[in-house]
Amino acid sequence: HSADAHRTDLMTITRFVLNEQSKYPESLGDFSILLNHIVLGCKFVCSAVNKAGLAKLIGLAGETNVQGEEQKKLDVLSNEVFIKALVSSGRTCILVSEEDDEATFVEPSGRGRYCVVFDPLDGSSNIDCGVSIGTIFGIYMVKDGHEPTLNDVLQPGKNMLAAGYCMYGSSCMLVLSTGSGVNGFSLDPSLGEFILTHPEIKIPKKGKIYSVNEGNAINWDGPTAKYVEKCKFPEDGSSAKSLRYVGSMVADVHRTLLYGGIFLYLADKKSPNGKLRYDDVEEIKALYNAEEKKE
Ligand code: FBP
């Protein structure tokens, strides 16, 4: 017990990724460097999010009281931090952020092989009331010697090298997958390090929770409405499920991974393609289908 209470052998996220990399002798260590820069972005956003309420109350330098101003600022600030951290890693070539209309192409002299797609601060409607929000990221790689183009990032998720999220909740957690397994790291604020606290996360086989914005039920299709009805009024004698919906995807996904159950974010009559925020959904679909056919 005492060993548990005072752990001295800490598996930091850097150590974890370096360990993983050592299994591949040809690896150049580029991925650990990239990840370190992502981790820096997450730590910055975590600190900014934690200070946000206080900043508003006591008017920290640079904050204004104009309504909505600070929320926008936190989004914009987080985006700037991530873009700068990723560019300065020297390991990226294309950055696609939910905050920006256009992709950022890194100057050829500072380029690496990785493309990062990300939402620096998702769930912005939850900022002002201090509810969990998060950063989401995915990483693709361009082939050696190949000039990076937008097609390198308009690819199916299964072509990603790694993906993860950081949740700014009652604790700050970074969850990462590099393709085999999912591992969770909690930020120890006194050390400023993400420590492996949730190794090999596996979603429980059975869960007692369903998570959906039921306010949209009027637009659901028949099978969805029927499924959710069954969650509430089971016909097989099992007990009804509990409803949990934060409205921050990272928090809802994170809880689902740890506690099990189902998270739904549906295409419905109002948004038949789902809520994909892209001007030309058809273009994405065409690129996606072309990629699928190639394989
Ligand atoms: P914003 O970041 O623009 O607020 O939207 C993203 C998001 O908050 C997701 O994280 C979440 O899953 C979803 O919107 C909730 O949407 P809705 O309110 O339609 O259920």
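This briefing walks through the ligand site, a few individual residues, the salt bridges and one unusual backbone angle. The model is predicted. The ligand has 12 residues around it, and Tyr-245 is among those that come nearest. Elsewhere, the count of salt bridges comes to seven. Here is a tour, topic by topic.

**Around the ligand**

- A good place to begin is the group of residues that come nearest to the ligand: Asp-122, Gly-123, Asn-213, Tyr-245 and Met-249, out of 12 around it.
- Sorted by class, this shell holds three charged, three nonpolar and six polar residues.
- Tyr-245 reaches the ligand through its side chain, where an N or O atom is 2.5 Å from a ligand oxygen.
- Gly-123 uses its backbone instead, with an N or O atom lying 2.7 Å from an oxygen atom of the ligand.
- Asn-213 takes part through its side chain, which has an N or O atom 2.8 Å from an oxygen atom of the ligand.
- The ligand taken alone would expose 480 Å², and the protein buries 77% of that.

**Tyr-245 and its surface patch**

- Where does Tyr-245 sit in the chain? Its place is in the loop that runs between β10 (242–243) and α6 (249–259).
- Tyr-245 has a relative accessibility of 30%, so it counts as partly exposed.
- Besides coming near the ligand, Tyr-245 belongs to a nonpolar patch on the surface together with Leu-243 and Tyr-265.
- The accessible area of these three patch residues together is about 270 Å².

**Two buried residues**

- Asp-252 is found in helix α6.
- Is Asp-252 buried or exposed? Its relative accessible area is 0%, so Asp-252 is buried.
- The side chain of Asp-252 has polar partners: it reaches the backbone nitrogen of Val-246 at 2.9 Å, and a polar contact of 3.0 Å joins it to the side chain of Arg-255.
- Val-212 lies in the loop between β9 (209–211) and α5 (222–232).
- With a relative accessible area of 4%, Val-212 is buried because that value is under 20%.
- Val-212 and Leu-191 are 21 residues apart along the chain, and their C-alpha atoms are separated by 36 Å.

**Salt bridges**

- Side chains of opposite charge can pair when their charged atoms come close.
- How many salt bridges does the count give? The count comes to seven, and three of the pairs are described below.
- Arg-15 and Asp-9 meet through their side chains in a salt bridge, at 3.0 Å from N to O.
- In that pair, Arg-15 counts as partly exposed at 32% relative accessibility, whereas Asp-9 counts as exposed at 56%.
- Asp-30 and Arg-91 form another salt bridge, their closest N and O atoms being 2.9 Å apart.
- This pair links distant parts of the chain, 61 residues apart: Asp-30 is in helix α3 (residues 30–58), and Arg-91 is in the loop between α4 (69–88) and β1 (92–97).
- Asp-30 counts as buried at 15% relative accessibility, while Arg-91 counts as partly exposed at 22%.
- Lys-232 pairs with Glu-214 in a salt bridge whose closest N and O atoms are 2.6 Å apart.
- Here too the pair links distant parts of the chain, with Lys-232 in helix α5 and Glu-214 in the loop between β9 and α5, 18 residues apart.
- Lys-232 counts as partly exposed at 31% relative accessibility, and Glu-214 is partly exposed with a relative accessible area of 24%.
- Which residues are joined into one network by salt bridges that share partners? They are Asp-30, Arg-91 and Arg-113.

**A backbone angle to look at**

- Most residues other than glycine have a negative phi.
- Glu-200 has a positive phi, near 50°, and is a residue other than glycine.
- Glu-200 is located in the loop between β8 (193–198) and β9.
- Its relative accessibility of 44% lies between the cut-offs of 20% and 50%, so Glu-200 counts as partly exposed.

Note on methods: Residues numbered from 1 in each chain as written. Predicted model: local features only at pLDDT ≥ 70, side-chain atom pairs only at ≥ 80, totals over all residues. Heavy atoms only, no water. Patch = residues over 30% accessible without salt bridge, like charges linked within 9 Å, V, L, I, M, F, W, Y side chains within 5 Å. Areas by Shrake-Rupley, 256 points an atom, 1.4 Å probe, with all protein chains shown as cover. Salt bridge = Lys/Arg side-chain N within 4 Å of Asp/Glu carboxyl O. Helix = DSSP H or I, 4+ residues; strand = E, 2+ residues; numbered from the N terminus. Buried < 20%, exposed > 50% of the residue type's maximum accessible area, 1.4 Å probe, protein only. Near = heavy atom within 4 Å. Polar contact = N/O pair within 3.5 Å; in protein donor to acceptor, adjacent residues only side chain to side chain. Nonpolar A, V, L, I, M, F, W, Y, C, P; charged D, E, K, R; others polar.
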